Amino acid sequence: ECNGRLYFTSTRDGNSEIYSSSLRGDNIQRLTHHPAIDVSPTCGPHGEIAFVSSRHGSPQIFLMNGDGSNQRRITYRGSHNQTPAFCPDPAQSLIAFTGRDGGLDIFTLDLKTKVYTRLTQGQGANKDPTFSPDCRMIAFHSSRGGGGIYVTNQDGLNQHRVLSGHAETLRWS
């Protein structure tokens, strides 16, 4: 729930697009209108929606306003970026995502300064980042060491496994 609405992906009009609805499930509005695939909407602390689109060839992270206006690409590094997650602290402007740069790794992007930080590199496949409520830590799944959920700080330092096994679509609450 974000902006008093739900955001979701549907193929109801032929290909994957981003929609929103009231919390009751009615008043459905299509927010993206592109022949490319638009998926994985997630809400930021200021009501903006991050999503993944292949409209420029490879999957990249885009932002838009909650009503679908002002759609713009924000990632320009990596050949395949996915699973965006906002830092929930409105004073910070960070988004974490999974990026393919050789393998799958975790990156952050400061939306104000446009500075990328690579948190993982060459340590198995790393994906599905999520911020802690205070944004000091980022959890993600990694295939290294038999797989598990790992936690690191915003610089990618002090990475440690907190749970063994496989996980997808992590969310910190």
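1. The note starts with Arg72, which is partly exposed at a relative accessible area of 26%. The model is a predicted one. Arg72 and Glu48 meet through their side chains in a salt bridge, with an N to O distance of 2.3 Å. Glu48 sits in the loop between strand 4 and strand 5, while Arg72 belongs to strand 7, so the contact ties together parts 24 residues apart in sequence. Glu48 is also partly exposed, with a relative accessible area of 22%.

2. The strands just named belong to an open sheet. The sheet has 4 strands in the order 4-5-6-7, and their pairing is antiparallel. Strand 4 (38-43) and strand 7 (72-73) are the edge strands, each pairing on one side only. Arg72 is therefore a residue of an edge strand, given that Arg72 lies in strand 7 and that strand 7 is at the edge.

3. Within this sheet, strand 5 (residues 49-53) and strand 6 (residues 60-64) run antiparallel and are joined by 5 bridges. Ser53 has Gln60, in strand 6, as its bridge partner.

4. On the disulfides: the structure holds 2. With the bonded cysteines of the protein numbered in sequence order, the pairing reads 1-2, 3-4.

5. One disulfide joins Cys2 to Cys43, with an S to S distance of 1.6 Å. The two cysteines come from distant parts of the chain, 41 residues apart: Cys2 is in the segment before strand 1 (5-10), and Cys43 is in strand 4. The torsion about the S-S bond is about 40°, so this disulfide is right-handed. Which of the terms buried, partly exposed or exposed applies to Cys2? Cys2 is buried, at a relative accessible area of 5%. Cys43 counts as partly exposed, at 28% relative accessibility.

6. The other disulfide joins Cys87 to Cys135, with an S to S distance of 1.9 Å. This pair too links distant parts of the chain, 48 residues apart. Cys87 lies in the loop between strand 8 (80-86) and strand 9 (94-101), and Cys135 in the loop between strand 12 (126-131) and strand 13 (137-142). The link of Cys87 and Cys135 is right-handed, with 105° about the S-S bond. Cys87 counts as buried at 1% relative accessibility, and Cys135 is buried with a relative accessible area of 0%.

7. On the salt bridges: the count comes to 8. One of them is formed by the side chains of Arg30 and Asp13, at 3.4 Å from N to O. Arg30 is in strand 3 (residues 29-30) and Asp13 is in the loop between strand 1 and strand 2 (17-22), so the pair ties together parts that are 17 residues apart in sequence. Arg30 counts as partly exposed at 28% relative accessibility, and Asp13 counts as partly exposed at 46%.

8. A further salt bridge has the side chains of Asp134 and Arg136 as its partners, at 3.9 Å from N to O. Asp134 counts as partly exposed, with 41% relative accessibility. Arg136 counts as exposed, with 58%.

9. Some salt bridges share partners. Through such sharing, Asp13, Glu17 and Arg30 are joined into one network.

How values were computed: Residues are numbered from 1 along each chain as its sequence is written. This is a predicted model: local features need pLDDT of at least 70, side-chain atom pairs count only at pLDDT 80 or more; totals for chains, interfaces and linings use all residues. Side-chain values use heavy atoms; hydrogens and water are left out. Two strands pair if DSSP finds at least two bridges between them. A disulfide is a pair of cysteine sulfur atoms within 2.5 Å. Buried means under 20% relative accessible area, exposed over 50%, partly exposed in between (1.4 Å probe, protein chains only). A salt bridge is a side-chain nitrogen of Lys or Arg within 4 Å of a carboxyl oxygen of Asp or Glu.
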